[in-house]
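Here is a quick walk through one protein model, looking at its cysteines, a loop and a surface patch. Have the structure open and follow along.

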Amino acid sequence: KSFSSVNLFLSIYRFQACIYFASVFQAMSCGIHYLASVFMAVTPNFVCGIPGNVSSVLFYNSSESSIEDIWTLWTSTENYIVVQLENGEIWELNQCSRSKREVSLGLEYEYKGNKSIFSCSDGFLYDDTKWRSTVVTQWDLVCDREWLAKLIQPTFMLGVLIGAVIFGDIADRLGRQRVIWFTSAGQFVFGIAVAFTFDYYSFVIVRFLLAMVSSGYLVVAFVYVTEFVGIKARTWASMHVHAFFAVGIMIVALVGFLVRTWWVYQIFLSIATLPFVLCCWMLPETPFWLLSEERYEDAQKVINIMARWNKVSTPCKVSELCSVQQDDLVSGTTGENDTSSTKKHNILDLFCNWHIARRTITVWLIWFTGSLGYYVFSLSSVSLGGNEYLNLFLIGAVELPCYIIACIGMDKLGRRNTLIPFLILSALICVLIMFIPQDFNILIILANMAGKFSIGVAFGLIYLYTAELYPTIVRSLAVGSGSMMCRVGSVVAPFCVYLRSVWIFMPLLLVGIMALLSGILTIMLPETLGKPLTNTLVEATELGRNKKSCSEKSPAHSGAALEKIEMFGQEIVSTDK
């Protein structure tokens with residue numbers, strides 16, 4: 001049934017199919033920029049710079065003529081290199097300091113005599129065998145400036161959080177089309193600008209702006225395609241926006257493998273989706289937003305275009321849609337819960353009683369855990385050993401089947417019954433990885449792919465599940481607050497990855513604990529598969545507590561108008577802002 005829905009969408013709704021694939025194509029750039037720093041901000045091996053020309057180099061028992069020949073032997077940050085200068089001085093080069101031997105009896109690795117310790121005032125020498133240049137080597141973000149390098153990804157994710165809030169609100173006020181245009185162009189402009197920043201602080205600021213427009217596009221693109229795609233294919237269409245994001249991660253791995261200079265790498269990543277930027281101005285505004293703004297003539301024009309593309313001879317009239325909405329408003333005012341629909345709602349309504357409060361805490365925890373686990377597995381992939389480019393590519397590729405499994409599971413088993421096992425499975429995989437010997441690289445990589453797969457399923461379906469758990473009057477508020485917790489998780493994830501320096505398994509331990517706790521709490525959530533959406537908090541509270549849903553009292557739509565609007569892949573819904 002699910003696959004037939006997708007086929008129906010592709011074969012009948014040609015207009016929506018073109019809009020969908022054009023819009024989600026640009027979602028690849030979001031995946032690109034979100035994960036670009038894994039190679040752009042990598043820290044290679046390094047030692048202090050030297051105050052003169054080198055005549056010979058010694059590393060344990062290996063003697064070379066240049067420091068570049070030593071990097072293949074470098075195994076630990078505790079190592080140091082002994083160099084003899086042309087003037088006869090002998091220096092020991094550590095990562096964050098250097099020492100001059102007072103007595104130069106000969107070039108030996110071990111020395112028991114007096115030394116004079118100096119800071120790295122002559123800069124640093126970096127291993128450029130893998131990366132010719134990174135932002136770390138560009139601005140010496142090591143030693144006492146290392147914390148600046150560790151802020152690159154968290155500040156980007158902070159921009160993601162702020163951008164989602166700002167552009168989501170702007171899209172409701174000015175329209176989806178304008179925000180799509182602006183954020184698409186912004187990703188290209190700011191992406192190119194990052195490559196030409198002149199210092200660390202300008203780099204972080206431009207990346208912050210890039211994060212805002214990338215997040216803004218992703219949020220608005222979800223709304224945009226949802227308002228164009230018919231209800232029969234909506235679950236698959238919304239879920240597979242994530243799949244294009246994963247393709248962006250795979251592109252990062254490919255470009256990182258081919259280009260080893262950070263600013264050239266950034267330019268190539270930024271032009272990857274240039275074709276969409278050049279043609280995004282052709283995308284129309286959604287009829288839903290036009291109707292909500294009472295721009296009926298513009299809405300009718302879009303509907304007529306959809307009719308021509310979909311070869312429908314009798315397009316529906318805006319007047320019919322308006323009459324359906326008016327009927328809904330009239331019937332809605334006669335209900336016993338009419339006062340709640342006009343009440344202004346806020347975040348406190350998500351904690352109006354114990355049942356809703358417990359549901360909100362659980363949903364927020366799932367959003368946070370899904371985002372935390374998603375980015376911990378993604379960002380850690382380059383540190384698993386073996387080929388870091390292949391690792392990241394596989395971590396991105398494993399997402400593609402996970403969203404198919406999520407869609408099938410949601411339709412066949414239910415939302416909760418799919419979410420629980422995959423959350424608990426991801427926790428078990430985190431524990432399993434801790435017991436795999438470190439020299440079993442292939443097994444470790446496969447286990448991490450399995451972890452990313454399981455957390456990806458949970459992360460993908462929570463969007464739809466959250467919308468179904470809450471009534472119409474606070475549905476947008478619930479999804480928006482959950483998305484905010486998701487952004488918080490993405491900000492925390494880089495710091496969690498940095499805990500590998502404390503204990504290599506610390507990030508996995510934290511993700512495993514959060515996933516297990518989320519899986520256990522999800523047991524208390526109601527199943528929403530096959531149940532109508534609720535309209536009031538009373539109905540939402542009763543959801544799952546009895547077999548007969550209170551939402552059966554909700555007013556029905558006009559059948560004739562619905563049949564016509566479904567020809568274009570639409571449905572009449574309430575607009576929550």
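## Disulfides and surroundings

Searching the whole structure turns up 2 disulfides. Keep in mind that this is a predicted model.

Start with C48 and C120, whose sulfur atoms sit 1.5 Å apart in a disulfide. This pair ties together distant parts of the chain, 72 residues apart: C48 belongs to strand 1 (residues 46–48), while C120 lies in the loop between strand 7 (115–118) and strand 8 (124–126). The torsion about the S-S bond is about -50°, so the disulfide of C48 and C120 is left-handed.

Are C48 and C120 buried or exposed? C48 has 0% relative accessibility, so it counts as buried. C120 comes out at a relative accessible area of 16%, and since buried means under 20%, C120 is buried too.

The other link joins C96 to C143, with an S to S distance of 2.0 Å. Here again distant parts of the chain are linked, 47 residues apart. C96 is in the loop between strand 5 (90–93) and strand 6 (98–101), and C143 is in the loop between helix 5 (135–139) and helix 6 (146–150). With -95° about the S-S bond, the link of C96 and C143 is left-handed. C96 has a relative accessible area of 45%, so it is partly exposed.

How do the bonded cysteines pair up when numbered in sequence order? The pattern is 1-3, 2-4.

Two more cysteines are worth a look. C30 is buried, because its relative accessibility is 0%. C352, at 39% relative accessible area, is partly exposed.

Here are the cysteine accessibilities side by side:

| Cysteine | Relative accessible area | Class |
|---|---|---|
| C30 | 0% | buried |
| C48 | 0% | buried |
| C96 | 45% | partly exposed |
| C120 | 16% | buried |
| C352 | 39% | partly exposed |

Now move along the chain to Q438. Where is it? Q438 is in the loop between helix 21 (415–434) and helix 22 (441–469). With a relative accessible area of 42%, Q438 falls in the partly exposed class, because that class runs between the 20% limit for buried and the 50% limit for exposed. Which residues does Q438 touch, leaving aside its neighbours within four places in sequence? The contacts are I444, I504 and F505. There's also G385: the C-alpha atoms of Q438 and G385 are 8.9 Å apart in space, with the two positions 53 residues apart in sequence.

One of those contacts of Q438, I504, leads to a surface feature. V502, W503, I504, L509 and I513 make up a nonpolar surface patch of about 430 Å². I513, a member of this patch, is found in helix 24 (residues 506–522). I513 counts as partly exposed because its relative accessibility is 48%.

Finally, step back to the whole protein. It has 26 helices and 8 strands. Of its 577 residues, 53% count as buried. The accessible surface comes to about 25,400 Å², and carbon and sulfur atoms account for 64% of that. As for contacts between residues at least 6 apart in sequence, 76% join residues at least 24 apart.

Note on methods
Residues numbered from 1 in each chain as written. Predicted model: local features only at pLDDT ≥ 70, side-chain atom pairs only at ≥ 80, totals over all residues. Heavy atoms only, no water. Patch = residues over 30% accessible without salt bridge, like charges linked within 9 Å, V, L, I, M, F, W, Y side chains within 5 Å. Areas by Shrake-Rupley, 256 points an atom, 1.4 Å probe, with all protein chains shown as cover. Salt bridge = Lys/Arg side-chain N within 4 Å of Asp/Glu carboxyl O. Helix = DSSP H or I, 4+ residues; strand = E, 2+ residues; numbered from the N terminus. Buried < 20%, exposed > 50% of the residue type's maximum accessible area, 1.4 Å probe, protein only. Contact = heavy atoms within 4.5 Å. Disulfide = S-S within 2.5 Å.
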